[in-house]
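Me: I am new to this structure and would like a close look at a single part. Please take the disulfide, and show me where it sits in the fold.

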Amino acid sequence: MNRMSSGSRRSRTRIAIATAGAAALVAAVAAGSAAASDGAPAARAGRSGHPAAASRAAEDPSLTGSAKLYRSAGDNIHFAFNARFGKRESPLDAHGTFRFSHVFPNGTGAFAEGRIDCLITGGKVATASGIVTRTDKPGLKGKRVGFSVHDDGRHDRLGYSWVGTNDPAATKDLPKCVASAPFETLESGDFTVVPWQVKH
């Protein structure tokens with residue numbers, strides 16, 4: 001009887017230890033999951049480390065994305081944008097970057113990149129402009145160029161300020177946020193426009 005009681009006690013002790021160990025393991029996993037869960041939004045939120053900041057940034061008027069234009073002759077033309085301004089700011093407070101390049105079938109070409117100085121978005125259309133800060137095209141550095149984008153799902157379109165001159169360096173004294181209508185079609189890529197919710 002005593003042996004059975006002693007064995008039962010040992011059995012109950014082993015069960016209690018095992019249960020405690022399992023509980024500790026579950027708690028550790030849960031804590032780790034919570035930490036990972038807490039850490040993921042912080043990473044997505046960027047430098048602020050706050051999910052609300054990421055949410056606000058996602059709602060800011062913006063033009064983002066990159067794409068290759070369609071050319072039957074085989075030209076390789078790319079445009080990329082990362083531009084935005086705060087909901088409580090104006091289009092002239094926009095900031096970000098742009099880049100475009102054009103490589104002809106014979107391998108010659110040029111590129112330019114720069115800083116955004118204006119962005120206006122309405123519905124699924126954006127017009128932006130910026131100053132070229134780096135390029136290999138003579139006479140283009142320091143010039144303002146403009147762009148337009150129609151975010152139309154799989155049928156996005158793009159336009160630019162030098163359509164009338166065929167030379168971005170030839171546009172003189174271009175005002176901010178000026179470009180042609182988005183007439184170019186895309187071969188690949190995608191642009192995303194977040195509209196400016198104007199409050200009158």
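Reply: What follows starts with the chain as a whole, moves to the disulfide, and ends with a stretch of the strands.

This is a predicted model. The chain has two helices and eight strands. The two helices come first from the N terminus, and the eight strands follow. Those eight strands close into a barrel. Their order is E1-E2-E3-E4-E5-E6-E7-E8, and the pairing is antiparallel. From one strand to the next, the twist averages 30°.

Now the disulfide. A search of the whole structure finds one. Its partners are Cys118 and Cys177, with 2.1 Å from S to S. A disulfide is a covalent bond between the sulfur atoms of two cysteines. Where do Cys118 and Cys177 lie along the chain? Cys118 is in strand E4, which covers residues 109–122. Cys177 is in the loop between strand E7 (157–160) and strand E8 (184–194). The two cysteines are 59 residues apart, and the pair links distant parts of the chain.

Are Cys118 and Cys177 buried or exposed? Both are buried. That puts each of them under 20% relative accessible area. For the chain, 30% of the 200 residues count as buried.

The bond also has a hand. The torsion about the S-S bond of Cys118 and Cys177 is about -105°, so this disulfide is left-handed.

Contacts give a wider view of the chain. Take those between residues at least 6 apart in sequence: 53% of them join residues at least 24 apart. The surface can be summed up too. The chain exposes about 12000 Å², and carbon and sulfur atoms supply 56% of that area.

Next, look at strands E5 and E6. Strand E5 spans residues 125–135, and strand E6 spans residues 144–150. They pair in the antiparallel sense over seven bridges. Within this pairing, Thr127 stands opposite Ser148 in E6.

Past E6 comes a loop that runs to E7, and Asp152 lies in it. Is Asp152 buried or exposed? The answer falls in between. Asp152 has a relative accessible area of 38%, so it is partly exposed. Asp152 and Val125 are 27 residues apart along the chain, yet 8.7 Å separates their C-alpha atoms.

Back to the part you asked for. The disulfide joins Cys118 to Cys177. One end is in strand E4, and the other is in the loop between E7 and E8. Both ends are buried.

Conventions:
Residues numbered from 1 in each chain as written. Predicted model: local features only at pLDDT ≥ 70, side-chain atom pairs only at ≥ 80, totals over all residues. Heavy atoms only, no water. Disulfide = S-S within 2.5 Å. Helix = DSSP H or I, 4+ residues; strand = E, 2+ residues; numbered from the N terminus. Buried < 20%, exposed > 50% of the residue type's maximum accessible area, 1.4 Å probe, protein only. Pairing = 2+ DSSP bridges. Axes fitted to C-alpha atoms, helices over the stretch in contact; angles between N-to-C directions. Contact = heavy atoms within 4.5 Å. Areas by Shrake-Rupley, 256 points an atom, 1.4 Å probe, with all protein chains shown as cover.
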